[in-house]
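Please look over the model shown below before reading on. The report is meant to be read with the sequence and the coordinates open side by side.

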Amino acid sequence: METFGARLVAAMARRGPLCVGIDPHPALLDRWGLPDSAEGLARFCDATVTALAGRVAVVKPQSAFFERFGSRGVAILESTIRQFKSSETLVLLDVKRGDIGSTVAAYASAYLDPSSPLYVDAITASPFLGVGALAPMFATAAAHGGGVFVLALTSNPEGRAVQHARGADGRTVAQAVIDEISLLNGGAEPLGSLGLVVGATVGRTGHDLSRVNGPLLAPGLGAQGGRAADLATVFGDRLSAVLPSYSREVLSAGPEPVALRAAAERALAECRAALGGATE
Ligand SMILES: O=C(O)c1cc(=O)[nH]c(=O)n1[C@@H]1O[C@H](COP(=O)(O)O)[C@@H](O)[C@H]1O
């Protein structure tokens with residue numbers, strides 16, 4: 001069984017280093033001339049599938065924008081996931097889960113077990129109940145070739161107060177998360193399956209990412225003010241592992257699939273230039 005790390009490296013080599021976030025904000029539905037309803041959501045997702053399936057390496061649906069429509073929204077999420085997966089675009093579901101270990105195991109079976117209707121390639125996770133509490137999620141991911149992206153240095157300004165706080169050993173909370181994930185990815189080839197989330201907006205923070213040996217998801221590009229050119233400042237010599245992620249910047253080009261695709265291609269070209277071909 002191929003690991004998520006290996007599948008991601010292959011997808012990025014084939015389609016380029018880009019993740020497009022599927023965030024159907026009410027404002028975007030309106031801008032696309034769609035109703036703020038499950039029907040509008042379904043049409044929004046159809047357009048993104050037509051534009052992006054089989055064309056980008058990774059898509060990242062944001063679960064909350066689907067859950068707001070209850071079971072109908074979740075059914076649309078399931079169908080959207082299936083369509084992207086069958087086009088060999090990897091699906092990273094943004095759910096930011098984290099809980100006590102026994103409950104984390106249930107979240108893991110909801111998203112990372114192939115028998116689940118919401119089965120995806122990878123999910124986002126929050127480490128603030130302790131990285132160790134995520135162990136059942138890491139185990140399920142490993143058992144089925146899935147991945148987990150753990151929040152480390154988030155793109156929002158409020159994250160700093162928690163993530164830059166220092167523990168008794170002098171390390172920041174973020175560095176402790178980075179170090180624990182680095183240990184778990186040790187020795188994996190070509191890349192570990194446990195990723196970290198480091199916002200493109202965080203600037204030069206002095207955190208050491210050199211031993212992560214896993215993918216580095218970089219949200220915050222576009223709408224939050226991050227630019228592809230900032231990636232070098234944030235990631236230094238780890239650029240080859242960076243997966244840049246844009247949601248509103250690309251989605252606001254819709255609803256025409258051709259225009260959406262062109263926006264994704266523009267974002268990819270900027271990322272390739274900024275990453276210096278590091279992932280090719
Ligand atoms: O885990 C994430 O994806 C994430 C982490 C983070 O630090 N910052 C962040 O913006 N995100 C997500 O990335 C997306 C960013 O959307 P845009 O600002 O529209 O590109 C949203 O779905 C956020 O929830």
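What follows describes a predicted model, beginning with the ligand site and going on to a helix pair, the nonpolar core and some local backbone features.

**The ligand site**

The ligand is surrounded by 20 residues, and the closest of them are Thr154, Ser155, Pro219, Ser247 and Arg248. When the shell around the ligand is divided by residue class, four of its residues are nonpolar, 11 are polar and five are charged. At least two residues of this shell come from each of three elements, namely strand 3 (90–97), strand 8 (242–246) and helix 11 (248–251).

**Helix 3 and helix 5**

Helix 3 (residues 38–52) packs with helix 5 (residues 70–86) at an angle of about 10°, and the two axes are 10 Å apart. Because angles under 35 degrees count as roughly parallel, helix 3 and helix 5 are described as roughly parallel to each other. From helix 3, the residues that take part in the contact are Ala38, Leu41, Ala42, Cys45 and Val49, and they meet Arg72, Gly73, Ile76, Thr80, Gln83 and Phe84 of helix 5. Sorted by class, the residues in this contact between helix 3 and helix 5 are seven nonpolar, three polar and one charged.

Gln83, which is placed in helix 5, can be followed a little further. Residues up to four places away in sequence being set aside, Gln83 touches Val49 and Ala53. Gln83 counts as partly exposed, because 18 C-beta neighbours lie inside 10 Å. From Gln83 to Tyr107 there are 24 residues in sequence, and the two C-alpha atoms are 22 Å apart in space.

**The nonpolar core**

In soluble globular proteins, nonpolar side chains tend to be buried together. In this model the largest nonpolar core has 90 residues, among which Val148, Val150 and Leu216 touch the most other members. Helix 12 (residues 257–275) provides the largest share of this core, with eight residues.

Which residues does Leu216 touch, not counting those up to four places away in sequence? The contacts of Leu216 are Gly195, Leu196, Val198, Leu209, Phe235, Arg238, Ala241, Val242 and Leu243.

**Gly98 and Leu134**

Two residues that lie in loops are in contact with each other in this model, although they are 36 residues apart along the chain: the C-alpha atoms of Leu134 and Gly98 are separated by 6.7 Å, and Gly98 is among the residues in contact with Leu134. Gly98 is placed in the loop between strand 3 and helix 6 (101–111), whereas Leu134 is placed in the loop between strand 4 (122–125) and helix 7 (135–144).

Are Gly98 and Leu134 buried or exposed? Gly98 is buried, because 21 other C-beta atoms lie within 10 Å, and Leu134 also counts as buried, with 27 C-beta neighbours inside 10 Å.

Neighbours within four places in sequence being left aside, Gly98 is in contact with Ala125, Ser126, Pro127, Phe128, Leu129, Ala133 and Leu134. On the same basis, Leu134 is in contact with Gly98, Val104, Ala125, Pro127, Val148 and Val150; Val148 and Val150 were named above among the core residues that touch the most other members. The C-alpha atoms of Gly98 and Gly132, which are 34 residues apart along the chain, are separated by 10 Å.

**Backbone features**

The cis peptide bonds described here are set out in the table.

| Peptide bond | Form | Omega |
|---|---|---|
| Glu189 to Pro190 | cis | near -5° |
| Gly254 to Pro255 | cis | near 15° |

Pro190 lies in the loop between helix 9 (173–185) and strand 6 (194–198), and Pro255 lies in the loop between helix 11 and helix 12.

A positive phi is found at Lys96, about 45°, although this residue is not a glycine. Lys96 belongs to strand 3, one of the elements that supply at least two residues of the shell around the ligand. With 18 C-beta neighbours inside 10 Å, Lys96 counts as partly exposed.

Asn213, which is not a glycine either, has a positive phi of about 50°. Asn213 is placed in the loop between strand 6 and strand 7 (216–218), and with 22 C-beta neighbours inside 10 Å it counts as buried.

Methods: Residues are numbered from 1 along each chain as its sequence is written. This is a predicted model: local features need pLDDT of at least 70, side-chain atom pairs count only at pLDDT 80 or more; totals for chains, interfaces and linings use all residues. A residue is near a molecule or strand if its C-beta atom, placed from the backbone, lies within 6 Å of it. Helices (H or I, at least four residues) and strands (E, at least two) are DSSP runs, numbered from the N terminus. Ala, Val, Leu, Ile, Met, Phe, Trp, Tyr, Cys and Pro count as nonpolar, Asp, Glu, Lys and Arg as charged, and the others, Gly among them, as polar. Axes are lines fitted to C-alpha atoms, for helices over the stretch in contact, and angles run from 0 to 180 degrees between N-to-C directions. Angles under 35 degrees count as roughly parallel, over 145 as roughly antiparallel, 65 to 115 as roughly perpendicular and the rest as oblique. Two residues are in contact if their C-beta atoms, placed from the backbone, lie within 7 Å. A nonpolar core is a set of buried Ala, Val, Leu, Ile, Met, Phe, Trp, Tyr and Cys residues joined through C-beta atoms within 7 Å. A residue is buried if 20 or more other C-beta atoms lie within 10 Å of its own, exposed if 12 or fewer, and partly exposed in between; C-beta atoms are placed from the backbone.
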